[in-house]
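Dear colleague,

Please find below the structure that I am handing over to you. My notes on what was found in it follow directly after.

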Amino acid sequence: MVAFGSTQRKNVRILLVGDQGVGKTSLILSLVSEEFPEDVPPKAEEITIPANVTPEQVPTNIVDYSSTEQSDDILKEEIVKAHVICIVYAIDDEDSLERITTHWLPRIRGAVGEDQPQKPVVLVGNKVDLVDYSTINTVLGIMERFSEVESCVECSAKTLHNISEMFYYAQKAVLHPTSPLYIMEEQDLTPACKKSLVRIFKICDIDGDNLLNDYELNLFQRRCFNTPLQPQILDEVKAVIQKNIPEGIYNDSVTLKGFLFLHCLFIQRGRNETTWAVLRRFGYNEQLEMCKDYLRPSLKIPPGSSTELSHRGQQFLVALFERYDKDVDGALSPEEHRMIFSTCPSTPWSYSTDIRKSCPVNENGWVTLHGWLCRWTLMTLLDVTKTMEYLAYLGFNVHENDTQLAAIHVTRERRIDLAKRQSSRSVYICHAIGPKGSGKTGLCRGFLLDDMRSLIGKEFKTNVNYCVNTVQVYGQEKHLILRDIDVKHALDPLQPQEVNCDVACLVYDTSNPRSFEYIARIYIKYYAESKIPVMVVGTKADLDERRQDYLLQPAEFCQKYKLLPPHFFSLKANKKELYVKLATMAAFPRFQAAWILFYKHRLVQLWETAHLRQFGLMSDDPTIWWKAGLGVAAATVLGFVVLRTIQGVSSSSHF
């Protein structure tokens, strides 16, 4: 595998330190002039090497230090500013080699501070041309004792031997450091590196069989290195793994152990850049933490706009669900749900309480595919940043080869919806507001169930405030989110975030004479002057309706404020038309398409309750039945006109 060497660093700053006379300045001048300087100044000026002449394509600043011209305070400042420090010693001078551990490494640690990450260090043995032996074995012992020492190299400023290599290793120590990846004394990957690579393995395991087959390995190669993996090289890689760790290959595929061994081998062979290329492609920074920009790309949301899942976002989540639904039962068991988020620091919601009470589940209480998409829709509307973070953890960036912004759709501003009298959104939020005991929680929870009657007599102990499901609005599927506004005391004021919504559902208990006054006051105080559609709902309609202790009865109140007449709701009736009406009102703000729906049915009710009573149901007078027939015909014709109007609204919409 050949890494493309991408990095987010804008430059590399290299500081050379060491005892006087070891050849620091000569090394710098030899690199620049490509010849050994006969007259060496006490200190070389700072040099900047352009990106196009460096192996890593990163501008590099090389800084010299001279104890005769610079103070200890200046040295400390330079150590702090440097990205990597080269400690130069003379191979023919044992004292300079010994002072690496007795003086220079402790001094660097002291300048950086114990609470800060240590600076990477490269040990440079100069004047190799003067001896016929090597100090590498001694230096390797130092590397084992001091984890910040990344590498070592022996060179000669006079013969230019390994001069370029020395500065390449210094660059590499910054761009592809070893210490975050590998524990030298244990000859093993660090726990943080293992954890990161395990996540990467799981994301690349598309079929979820805990193996990387040839197809998955090729995709991995393309994603990380922008080049296909040749069959011969793939066979060679498998052979190396099989030889060193037999359990690393199974059914001609790479296991997790084999995947980890391969990266351990890269690092042992000095190919840190390969592992770093993989880690960076999957969003990790130098501390092996997910980059903030990777987790939370910048997203502009104009005032009055909302956020929804795009088609690509939904496709990714469907594929993810199907991958982890091992028993193919159309639902995620608690274990399958846990596994799906095993690449994340934690689950975004509680499966035992939140997921079961906020979206559709099956008879076992396990989230279905429909409920899965509903729950993500809810999170995307309420906390789109969290959605983007978890999409990154789950691998959207890699599978879709794009940022999570491709998974998000920002809707147009609400003021435009109001001007056009229809909404282009597919997700609406409804606030259910009412006094304690009014039945609003049952109303919200009933939205999730096919049989609402199962809620009768239940106490709702868990504090789950949101319920999300889909409804059909003129043949188009819309997500409706019901928020149960928790009102502890009747006189408590509502906060702006509790008032603002796409449609408000003001709930009162028809069997409690003191219930309606609360929502009447709420409407007058918060909604009478707003443009938010409002529906008044009387719950427990299966019980005897009581006269309300208020100046106006609910129907009179609605008539006065030009609201729809109260909608009567009962869990026992097990009917869902309320939710359709709420979604329709949200979809057509100001136009109030729900009004048309209501009056179409209301005309029939008026005819039944007024005309038939006037004429007498059992009358034998043929003229009375003739008049009744005209009334039916008139209501029918008007019904068709209303229906055509509804159809016209539906056909002219942009859904």
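**The second sheet and its surroundings**

Six strands make up an open sheet with mixed pairing, arranged in the order β16-β17-β15-β18-β19-β20. At its edges stand β16 (466-473) and β20 (567-568); each has a single partner strand, so one side of each is left without a neighbour in the sheet. Please bear in mind throughout that this is a predicted model.

The pairing of β16 can be described in more detail. Its partner β17 (residues 476-484) is joined to β16 by eight bridges, and the two strands run antiparallel. Within this pair, N469 has L480 of β17 as its bridge partner. Helix α15 (residues 369-382) lies across β16, β17 and β15 (427-433), and runs at about 110 degrees to β16.

**The sheet that begins with β2**

An open sheet of six strands is also formed in the order β2-β3-β1-β4-β5-β6, again with mixed pairing. The edge strands here are β2 (47-49) and β6 (149-154), each of which pairs on one side only. On average, and ignoring direction, neighbouring strands of this sheet are turned by 20 degrees against each other.

Strands β1 (residues 12-18) and β3 (residues 60-64) run parallel and are joined by five bridges. One residue of this pairing is R13, whose bridge partner in β3 is N61. Helix α1 (residues 24-33) packs on the sheet, where it touches β1, β2, β3, β4 (84-90) and β5 (121-126). The direction of α1 makes about 145 degrees with that of β3. Helix α4 (residues 136-145) lies across β4, β5 and β6, and its course is at about 170 degrees to β6.

As general background, the strands of a sheet pair through backbone hydrogen bonds, either parallel or antiparallel.

**The largest pocket**

The largest pocket has a volume of about 820 Å³. It is lined by 33 residues, of which G439, K440, T441, G442 and F460 are the closest to its centre. Helix α19 (residues 440-446) gives the largest share of the lining, namely five residues. By character, the lining of this pocket divides into 10 nonpolar, 12 polar and 11 charged residues.

**Cavities**

Which cavities does the structure hold at a volume of 30 Å³ or more? A search of the whole structure finds two of them. The second largest cavity encloses about 40 Å³ of space. Its lining consists of K202, I203, L320, R323, Y324, I340, T343 and L394. Two elements, α6 (191-204) and α12 (311-324), give two or more residues to this lining. The largest share, three residues, comes from α12. The lining of the second largest cavity divides into five nonpolar residues, one polar residue and two charged residues.

**An annotated span**

For residues 312-347, an unreviewed UniProt entry records the feature "domain: EF-hand". In the model, this span is 56% helix and 6% strand, and its end C-alpha atoms lie 22 Å apart.

With kind regards

Key. Residues are numbered from 1 along each chain as its sequence is written. This is a predicted model: local features need pLDDT of at least 70, side-chain atom pairs count only at pLDDT 80 or more; totals for chains, interfaces and linings use all residues. Side-chain values use heavy atoms; hydrogens and water are left out. UniProt positions are given in the numbering used here, feature names are shortened, and annotations may be inferred rather than shown by experiment. Helices (H or I, at least four residues) and strands (E, at least two) are DSSP runs, numbered from the N terminus. On a 1 Å grid over the protein atoms alone, a cavity is a set of points where a 1.4 Å probe fits but cannot get out, and a pocket is an open set with protein on both sides within 12 Å along at least five of seven lines; lining residues have an atom within 4 Å of a point. Grid points are joined across faces, edges and corners, and a volume is the space filled by probe spheres set on the points. Ala, Val, Leu, Ile, Met, Phe, Trp, Tyr, Cys and Pro count as nonpolar, Asp, Glu, Lys and Arg as charged, and the others, Gly among them, as polar. Two strands pair if DSSP finds at least two bridges between them. Axes are lines fitted to C-alpha atoms, for helices over the stretch in contact, and angles run from 0 to 180 degrees between N-to-C directions. Contact means heavy atoms within 4.5 Å.
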